[in-house]
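Grab a pencil and keep the viewer open. Below are a few exercises, each followed by a solution that goes step by step.

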Amino acid sequence: MRRSCSAALSLLVACAAVHAEDDNAPTYAFGAGAQRMPAWQGSKDHRNQGIPYIDIEIPGLGELSTADGLMVDLIHGEHWHGGLYGNWLWGRTRDDLGPLGGKVASLSPRFQTGGYLEYAFTKKFSIGSHLAHDTNGAGAYAAIYADYQLPDVWYIQHSLEVQVEGMNGPAMRRFFGVTPIEAGNLGTRAWRPGAGGESADIEYDAFIPTSQQTGFALAVKYGKLYGDAASSPLVDRFGSSRQVTETLAFVYHF
């Protein structure tokens, strides 16, 4: 997702490579790094994993990145942008589940597609939303976000993003539901959540240059599950509603 529905991987890395002098020129950034993220959505434990970093931005056409997924701009307005949207959504393996492995269902990763609409008040402040659906399932996901580029500190570029996410019933039950059989395995109640809000997140992104074409991309995201997601026995009994993701990557851009 734009951060990702997060979260969801949602893969979250710093938002920008150093801007080209010509705002209409394409920018390309590639790199690799590491991410510390919740072991599964709602987990109180974390896992570390290596990640690629890709950010290709072509003004007037769109963006492809490991942070925000694919966004193809079909409006091409001065302030309004919108069009096709796609992203990758992490699942959870038996190993990710730890003590819950084998007691609740593992989930395969999925690709989601849909659309987005964004309004840029200025080059530094924009708001937007996106709506997407699993390409191999009934899950649907929505998000509303606001992004603000903070004043540079020395050569460091940084920004803040706030995002609120929601899911339809099938998606909510896939991640946070507990079937009667799983409830028996866990010694807890069954849980069948409905559609609604899932999380609210705030993310800080920074790019710290080490040369004209290299630097470190840093992202720290704090999320809070709420509603039926936070009330799930998986979260309430065995996990945490507070979700923190940290990412650091070394990037080459041109």
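## Exercise 1: Strands 6 and 7

Strand 6 and strand 7 (residues 125-134) are antiparallel and joined by 9 bridges. Before going on, a word on the model: it is predicted, so local features need pLDDT of at least 70 and side-chain atom pairs count only at pLDDT 80 or more, while totals for chains, interfaces and linings use all residues. Residues are numbered from 1 along each chain as its sequence is written, and side-chain values use heavy atoms, with hydrogens and water left out.

Task: find what links strand 6 to strand 7, and which residue of strand 7 stands opposite Gly 115.

Solution.
- Step 1. Get the terms straight: strands (E, at least two residues) and helices (H or I, at least four) are DSSP runs, numbered from the N terminus. Two strands pair if DSSP finds at least two bridges between them.
- Step 2. Look at the link: a hairpin with 4 residues takes you from strand 6 to strand 7.
- Step 3. Go to Gly 115 and look across to strand 7, where you meet Leu 131.
- Step 4. While you're in strand 7, pick out Gly 128. Gly 128 has a relative accessibility of 11%, so it counts as buried. (Buried is under 20% relative accessible area, exposed is over 50%, and partly exposed is in between, with a 1.4 Å probe and protein chains only.)
- Step 5. Now jump 100 residues along the chain: the C-alpha atoms of Gly 128 and Asp 228 are 24 Å apart.

## Exercise 2: Walking back to strand 4

Task: work out how many bridges strand 5 makes with strand 6, and how many with strand 4.

Solution.
- Step 1. Strand 5 (residues 80-89) runs antiparallel to strand 6 (residues 110-120), with 10 bridges between them.
- Step 2. Check two positions: Gly 86 faces Thr 113 of strand 6, and Asn 87 faces Gln 112.
- Step 3. On to strand 4 (residues 69-73), which is antiparallel to strand 5 and joined to it by 4 bridges. Here Asp 73 has Gly 83 of strand 5 as its bridge partner.
- Step 4. What holds such pairs together in general? Strands of a sheet pair through backbone hydrogen bonds, either parallel or antiparallel.

## Exercise 3: Two unusual phi angles

Task: say where His 76 sits and where Trp 154 sits, then decide whether each is buried, partly exposed or exposed.

Solution.
- Step 1. Recall the background: most residues other than glycine have a negative phi.
- Step 2. His 76 isn't a glycine, yet its phi is positive, at about 60°. You'll find His 76 in the loop between strand 4 and strand 5, a hairpin with 6 residues between the strands.
- Step 3. The relative accessible area of His 76 is 47%, so this residue is partly exposed.
- Step 4. Trp 154 also has a positive phi, near 60°. Its place is the loop between strand 8 (140-153) and strand 9 (156-167).
- Step 5. Trp 154 counts as exposed because its relative accessibility is 67%.

## Exercise 4: Strands 2 and 3

Task: which residue of strand 3 is the bridge partner of Glu 57, and what lies in the loop before strand 3?

Solution.
- Step 1. Strand 2 (residues 46-58) pairs with strand 3 (residues 62-65) over 4 bridges, in the antiparallel sense.
- Step 2. Glu 57 is partnered by Glu 63.
- Step 3. In the loop between strand 2 and strand 3 sits Leu 61. With a relative accessible area of 45%, Leu 61 is partly exposed.
- Step 4. Leu 61 and Val 72 are 11 residues apart along the chain, and their C-alpha atoms are 5.9 Å apart.

## Exercise 5: The whole chain

Task: how many helices and strands does the chain have, and what do the strands close into?

Solution.
- Step 1. Count them up: 5 helices and 12 strands.
- Step 2. Follow the strands in the order 1-2-3-4-5-6-7-8-9-10-11-12 and they close into a barrel, with antiparallel pairing.
- Step 3. Step back for the outline: along its principal axes, the C-alpha trace spans about 60 × 35 × 30 Å.
- Step 4. Finish with burial: 48% of the 254 residues are buried.
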